[in-house]
Number of protein chains: 2
Amino acid sequence: MGRNAQFKNEEFIDAALKIAADHGPAAVTIAAVAREVGAPVGSVYHRFLSRDVLMAEVWLRVVVSFQEAFLAALEKGEGIEAALHTPRWVRQHSAEARILLLYRREELVTGAWPEELKERVLAIKRRLDGGIRNYAERTFGKAGREDINRTVFALIDVPYAAVVRYIRLGKKPPRSIDGYIMQTYFTIMGRKK
Amino acid sequence: MGRNAQFKNEEFIDAALKIAADHGPAAVTIAAVAREVGAPVGSVYHRFLSRDVLMAEVWLRVVVSFQEAFLAALEKGEGIEAALHTPRWVRQHSAEARILLLYRREELVTGAWPEELKERVLAIKRRLDGGIRNYAERTFGKAGREDINRTVFALIDVPYAAVVRYIRLGKKPPRSIDGYIMQTYFTIMGRKK
DNA sequence: GTTATATTAGAATGTATATTCTAATATGTC
DNA sequence: GACATATTAGAATATACATTCTAATATAAC
């Protein structure tokens, strides 16, 4: 009952994502989002409790998009594939990559994390932590603090480092960095498998 | 002639730096800086043309502080020392490190870079680029695009990646990362020297 | 066709801050 | 001591947004 919606929630998230990727999170004003969609300001608030909630949805979408394949590789025990997932995903998802790797959560969601979304964020974090810990155990046997640090470094930090410079320039990371990531992976994690 | 100053320009830069490191660049309002120093708002504008100019000074101070020893090591041909400078500097300069590694220039200086400071920024950038290129030439002979990429990766990107996770947590980077940085350096740059 | 209501529309409001302005206050120079 | 002016003081102004509000509109249910 009631009038049919003219826009979909997704459209607003898309618009916010696009604006954030193109001009930075500060450019994501409610008015700008509404303009991009062609909707009135009120329609944004009809769907999202606040700007923070909207931006949180943007963040969640991006993180999930990245983690999906990363964790899948990890769960199959394919560490190299997981490490190389970063440059590959970045090449395929420029806008999302800019958001995930160029900004911090607090730049998108400026206030406290919206209560309704806290659980989803926590679940995502737990899944990533678990995936990493499992992989470290499989690789090193036990998995003490230092084994986990080493795994995070090789699987996340180094691929990020290799890629972020190009994202800043708005360019696709060149193929050569895949080699650096692999070399570093073997150096840090050892050769086995 | 005229009344003696009650505050020094440096005090305002110090205050802005401290606030940015503790609470993020958005917390650096002119009122907050004035409060921190114990000066009136007008005194800030008496010294700095705008918030952007003040923040630019903060940025310049931090960058110079970091680059000094980094370039010195590089010019002496000590690549490992240069690579390890990042974790060492971070341990000694927590506040500066938070600003340099946690935020981007555009988060500090939100508008166009103040005209009067453009030249200083450019000079700094040139000096860093030159130092890197020189070192790549010394190490690889020629120094094509790819040699420079490789050098940047080993000397800057990887040390940054190793360190930034701890900065986010407000912790000092543990000693173990120095080992990762060195291992990666050798893997990427080769063993010689 | 009437009614209830989901949704569109966009104007009005409130707030936070950068910046500007006007007025006091010291201090070096004469 | 009087003057010129660098500096302090802080109130007033302007702007940019997030958020709220009031009013129209279309459609499903009856």
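**Figure 1. Salt bridge between A:Arg126 and A:Glu119 in the predicted model.** The side chains of A:Arg126 and A:Glu119 pair with an N to O distance of 3.0 Å. A:Arg126 is partly exposed, with a relative accessible area of 49%, and A:Glu119 is likewise classed as partly exposed, at 48%. Over all chains, the count of salt bridges comes to 28.

**Figure 2. Salt bridge between A:Arg88 and A:Glu81.** The closest N and O atoms of A:Arg88 and A:Glu81 are 2.8 Å apart. A:Arg88 has 38% relative accessibility and counts as partly exposed; A:Glu81, with a relative accessible area of 35%, is also partly exposed.

**Figure 3. Salt bridge within helix H8 of chain B, between B:Lys118 and B:Glu115.** The two side chains meet at 3.2 Å, N to O. B:Lys118 and B:Glu115 are separated by about one helical turn, because they lie three residues apart in helix H8 (residues 115–140). B:Glu115 is exposed, at 60% relative accessibility, whereas B:Lys118 is partly exposed, at 39%. Elsewhere, salt bridges with shared partners join A:Arg104, A:Glu106, A:Glu107, B:Arg104, B:Glu106 and B:Glu107 into one network.

**Figure 4. Protein surface near DNA strand C.** Of the 22 residues around the strand, those that come nearest are A:Phe7, A:Ser43, A:Arg47, B:Ile30 and B:Tyr45. Sugar and phosphate make up 71% of the strand atoms that come within 4 Å of the protein. Helix H3 (41–47) of chain A and helix H3 (41–47) of chain B each supply at least two residues of this surface, and H3(A) contributes the largest share, four residues. By class, the surface comprises nine nonpolar, nine polar and four charged residues.

**Figure 5. Contacts to phosphate oxygens of DNA strand C.** Polar side-chain atoms of A:Arg47 and A:His46 lie 2.6 Å and 3.1 Å, respectively, from a phosphate oxygen of the strand. For B:Arg51, a backbone N or O atom lies 3.0 Å from a phosphate oxygen.

**Figure 6. Buried residues of helix H2 of chain A.** In H2 (residues 30–37), the buried residues are A:Ile30, A:Ala32, A:Val33, A:Ala34 and A:Val37. Their cover includes helix H1 (9–23), H3 and helix H4 (51–75) of chain A. After H2(A) comes A:Gly38, with a positive phi near 85°.

**Figure 7. Surroundings of B:Phe12 in the largest nonpolar core.** This core has 138 residues, of which A:Phe12, A:Leu155, A:Tyr185, B:Phe12, B:Leu155 and B:Tyr185 touch the most other members. Beyond its neighbours within four places in sequence, B:Phe12 contacts B:Phe7, B:Val33, B:Val37, B:Ala39, B:Ser43, B:Val44, B:Arg47, B:Phe48 and B:Leu54.

Definitions and conventions
Residues are numbered from 1 along each chain as its sequence is written. Chains are lettered from A and ligands numbered from 1 in the order in which they are written. This is a predicted model: local features need pLDDT of at least 70, side-chain atom pairs count only at pLDDT 80 or more; totals for chains, interfaces and linings use all residues. Side-chain values use heavy atoms; hydrogens and water are left out. A residue is near a molecule or strand if one of its heavy atoms lies within 4 Å of it. A polar contact is a pair of N or O atoms within 3.5 Å; within protein, one must be able to donate a hydrogen and the other to accept it, and residues adjacent in sequence count only if both atoms are side-chain atoms. Ala, Val, Leu, Ile, Met, Phe, Trp, Tyr, Cys and Pro count as nonpolar, Asp, Glu, Lys and Arg as charged, and the others, Gly among them, as polar. A nonpolar core is a set of buried Ala, Val, Leu, Ile, Met, Phe, Trp, Tyr and Cys residues joined through side-chain atoms within 4.5 Å. Buried means under 20% relative accessible area, exposed over 50%, partly exposed in between (1.4 Å probe, protein chains only). Contact means heavy atoms within 4.5 Å. A salt bridge is a side-chain nitrogen of Lys or Arg within 4 Å of a carboxyl oxygen of Asp or Glu.
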